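User: I've got a fold in front of me and want to get a feel for how it hangs together. Can you walk me through it, one question at a time?

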Amino acid sequence: MTTLSIHIDTASALWKKSFTRQRQKIEQAAALAYLLAKKPRALLAHDTEISITLTTDAALRRLNRDYRHKDKPTNVLSFPQLQLPTHGRKRSNPKPPTAKDLRIFEQRILPLGDVVLARQTIAREAKAQGKTLESHTLHLVVHGVLHLLGYDHMSAAEAKYMETLECDILALMGYNDPYHANEHKKKTG
């Protein structure tokens with residue numbers, strides 16, 4: 001039986017006690033995203049790990065500048081360690097890794113990658129969108145983990161595929177659809 005390890009690093013005091021049972025909820029969101037996402041068969045034979053870092057706008061701005069050439073903070077960045085096929089994509093796609101490709105990890109845990117979240121940007125977005133910090137954070141954890149597993153939103157088809165899975169995962173956790181959370185408020189308010 002394989003295991004998934006989720007490592008959470010609270011790199012900024014801004015995240016301390018941002019919402020109740022924060023660590024457990026973040027772990028649950030990451031684990032559900034991993035469990036419900038499509039994965040190459042070879043990946044299923046390995047113990048895997050995901051690292052999640054809770055940090056600041058300044059840290060995300062540096063990462064966004066250095067890796068995406070965008071000198072501004074963002075809410076979440078994902079850094080996959082493996083190139084996996086993208087789900088919902090019609091254009092050329094990398095082949096899924098085979099057992100032979102992953103043989104180097106036979107006696108070690110396979111690192112899927114890192115998800116990094118910026119507290120200030122997430123708080124601003126949550127307030128502007130009428131969401132709780134908790135629900136928005138957990139949505140971005142799910143979103144980031146799906147990126148590690150080859151999901152993307154570069155085309156409308158990819159975005160729909162990814163967003164549907166995100167909504168399904170969050171619904172299992174008892175959270176509203178993050179893409180349409182304010183529609184009811186707008187219609188009645």
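User: Let's start simple. How many helices and strands does the protein have, and in what order do the elements run?
Analyst: Keep in mind that this is a predicted model. The secondary structure comes to 6 helices and 4 strands. Reading from the N terminus, the order is β-α-β-α-β-β-α-α-α-α.

User: What share of the residues counts as buried, and how much surface does the protein expose?
Analyst: The chain has 189 residues, and 46% of them count as buried. On the outside, carbon and sulfur atoms supply 52% of the exposed surface. That surface comes to about 10700 Å².

User: Of the contacts between residues at least 6 apart in sequence, what percentage joins residues at least 24 apart?
Analyst: Here we set aside pairs that sit fewer than 6 places apart and look at the contacts that remain. The share of those joining residues at least 24 apart is 75%.

User: Let's zoom in on helix α2. Which of its residues are buried?
Analyst: Helix α2 covers residues 57-68. Its buried residues fall within an arc of 155° when you look down the axis, so they line one face of the helix. An α-helix has 3.6 residues a turn, so residues three or four places apart point the same way. The buried ones here are Asp-57, Ala-59, Leu-60 and Asn-64.

User: What covers those buried residues of α2?
Analyst: The cover includes a helix, α3 (119-129). It also includes strands, among them β2 (48-55), β3 (76-80) and β4 (110-118).

User: Which residue of helix α3 meets Asp-57 in a salt bridge?
Analyst: Asp-57 lies in helix α2 and is paired with a residue in helix α3, so the bridge ties together parts that are 67 residues apart in sequence. Asp-57 is buried, at 11% relative accessible area, while its partner counts as partly exposed at 48%. The N to O distance is 3.0 Å, and the partner is Arg-124.

User: How many salt bridges does the structure hold, and which residue pairs with Arg-61?
Analyst: The structure holds 4 salt bridges. In the Arg-61 one, the closest N and O atoms are 3.0 Å apart. Arg-61 sits in helix α2 and its partner in the loop between α2 and β3, 10 residues apart. That partner is Asp-71.

User: Are Arg-65 and Asp-66 buried or partly exposed, and how far apart are the N and O atoms of their salt bridge?
Analyst: Arg-65 has 36% relative accessibility, so it counts as partly exposed. Asp-66 is partly exposed too, with a relative accessible area of 45%. Their side chains meet in a salt bridge with an N to O distance of 3.1 Å.

User: Arg-119 is buried yet has no salt bridge. Which side chain makes a polar contact with it?
Analyst: Arg-119 is found in helix α3. The nearest side chain of opposite charge, Asp-57, is 8.8 Å away, and a salt bridge needs the atoms within 4 Å, so that pair doesn't qualify. Leaving aside neighbours within four places in sequence, Arg-119 is in contact with residues including Leu-14, Trp-15, Thr-55 and Leu-133. The polar contact, at 3.0 Å, is with the side chain of Ser-18.

User: Which residue follows α2, and is it buried or exposed?
Analyst: The residue in question is in the loop between α2 and β3. Its phi is about 60°, a positive value although it is not a glycine. With a relative accessible area of 69%, this residue is exposed. It is His-69.

User: Which residue in the loop between β1 and α1 has a positive phi?
Analyst: The loop sits between β1 (4-10) and α1 (22-36). The residue counts as exposed at 56% relative accessibility. Its phi is near 50°, a positive value in a residue other than glycine, and the name is Arg-21.

User: Last one: how far apart are the C-alpha atoms of Ile-122 and Leu-140?
Analyst: Ile-122 lies in helix α3, and it is buried, with a relative accessible area of 0%. Not counting residues up to four places away in sequence, Ile-122 touches Trp-15, Asn-75, Leu-117, Leu-133, His-136, Thr-137 and Leu-140. Ile-122 and Leu-140 are 18 residues apart along the chain, and their C-alpha atoms are separated by 8.7 Å.

Definitions and conventions. Residues are numbered from 1 along each chain as its sequence is written. This is a predicted model: local features need pLDDT of at least 70, side-chain atom pairs count only at pLDDT 80 or more; totals for chains, interfaces and linings use all residues. Side-chain values use heavy atoms; hydrogens and water are left out. Buried means under 20% relative accessible area, exposed over 50%, partly exposed in between (1.4 Å probe, protein chains only). Helices (H or I, at least four residues) and strands (E, at least two) are DSSP runs, numbered from the N terminus. The arc is that of the directions from the helix axis to the C-beta atoms. Contact means heavy atoms within 4.5 Å. Accessible areas come from the Shrake-Rupley method with a 1.4 Å probe; for residues, only the protein chains shown count as cover. Lys and Arg count as positive and Asp and Glu as negative; His and the chain ends are not counted. A polar contact is a pair of N or O atoms within 3.5 Å; within protein, one must be able to donate a hydrogen and the other to accept it, and residues adjacent in sequence count only if both atoms are side-chain atoms.
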